[in-house]
2 protein chains.
Amino acid sequence: MGDAHHHKPQLAGLGELAARLRNCARRVTEPRREILRALRDGAHPMSPKQVHQALHDTCDLATVYRSLHMLEAAGMVKRFDLGDGVRRFELLGEGDDGHHHHLVCKRCDTVVEIDDCFTPALEQRIASRSGFAGVTHRLEFFGTCPACQTA
Amino acid sequence: MGDAHHHKPQLAGLGELAARLRNCARRVTEPRREILRALRDGAHPMSPKQVHQALHDTCDLATVYRSLHMLEAAGMVKRFDLGDGVRRFELLGEGDDGHHHHLVCKRCDTVVEIDDCFTPALEQRIASRSGFAGVTHRLEFFGTCPACQTA
DNA sequence: CTGCATCCTGCAAATCATTTGCATCTGGGA
DNA sequence: TCCCAGATGCAAATGATTTGCAGGATGCAG
């Protein structure tokens with residue numbers, strides 16, 4: 001499988017993840033442990049359904065949704081919306097704000113992480129011109145991956 | 001109201017819009033005429049529901065969805081996904097490819113158009129580095145608008 | 001180690017946005 | 001004006017996500 005950018009800081013043990021959970025005054029339950037593991041071991045961003053499948057019906061889909069939301073609020077995962085009607089989630093490393101972008105293949109949905117972000121100068125300019133405050137952005141790239149080009 | 005970038009090329013008459021529709025071998029029906037009018041007169045991007053409401057139940061919601069898709073395929077409207085689970089549509093001017101971005105207020109959802117796009121150089125670099133072909137991007141900005149800052 | 005209040009979970013039903021089947025209707029060329 | 005492919009209305013189907021509720025498990029207190 002395509003696996004160019006494996007720079008996950010979260011090759012952290014589940015123990016550490018559990019500790020982070022505990023620090024948020026949240027309980028470390030079996031489903032949550034499994035969900036964190038799935039996110040840690042799985043390919044880049046995973047949808048709730050994918051997480052659920054990876055857990056082999058160990059827990060309910062609703063629990064996956066609830067846990068994912070909780071983890072997002074706790075700053076342990078980040079939600080990405082690639083515009084196809086499905087939310088995807090990625091595990092974040094400690095202190096990682098998760099700001100990065102993706103390059104998605106239009107054909108096979110392979111997702112590659114983009115390390116460098118575009119110049120924040122534009123963000124600044126947009127903020128000052130419009131009068132908006134705290135301007136952030138969401139940026140995703142789309143194209144056809146090498147494999148799908150030949151196929 | 002915030003109204004920095006009102007540069008709609010589509011101050012076109014409905015007649016012209018109808019002509020464009022006809023050129024696509026599509027029928028000019030009452031619902032479609034109304035939908036085009038709503039998009040032309042309404043604020044920036046509109047969701048199917050908003051369009052439907054603007055039409056005061058003149059036609060079915062399903063028709064709005066079908067028409068919007070048809071218009072998108074015909075290149076007359078463009079779909080934008082701001083990541084809140086609702087698709088929004090904008091009318092495009094003749095020959096306009098609709099490539100521009102938005103600045104959305106996190107509080108009141110006001111949307112301002114951003115005219116300038118960031119450097120396509122990054123797009124190029126990303127393409128060559130990853131081996132992907134036909135790389136495009138989707139970029140949206142979020143912040144707090146002037147009105148909401150004081151409120 | 002044990003009890004217990006609290007937080008979680010499973011299950012099922014409810015929402016929401018969007019799509020689709022189907023019978024009926026209509027725009028516009030012949 | 002006639003006719004039919006293409007449109008529409010209505011209702012039901014989908015798909016993703018959320019929520020109500022009763023029973024279950026976690027982690028602190030004792």
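Visitor: How many residue pairs count as being in polar contact across the interface of chain B and chain A?

Guide: Ten, with both residues at pLDDT 80 or more. Each has a pair of N or O atoms within 3.5 Å, one able to donate a hydrogen and the other to accept it; residues adjacent in sequence would count only if both atoms were side-chain atoms. This is a predicted model, where local features need pLDDT of at least 70 and side-chain atom pairs 80 or more, while totals for chains, interfaces and linings use all residues. Residues are numbered from 1 along each chain as its sequence is written, chains are lettered from A and ligands numbered from 1 in the order written, and side-chain values use heavy atoms, without hydrogens and water.

Visitor: Why are zero salt bridges reported between chain B and chain A?

Guide: Because the rule asks for a side-chain nitrogen of Lys or Arg within 4 Å of a carboxyl oxygen of Asp or Glu, and across this interface it finds zero such cases.

Visitor: Which element gives the most to the side of chain B that touches chain A?

Guide: β5(B), with twelve residues. β5 (133-144) is a strand, a DSSP run of E with at least two residues; helices are H or I runs of at least four, both numbered from the N terminus.

Visitor: What makes β5 of chain A and β5(B) a pair?

Guide: Pairing takes at least two DSSP bridges; nine join these strands, so they pair, running antiparallel. A:F141 stands opposite B:H137 there.
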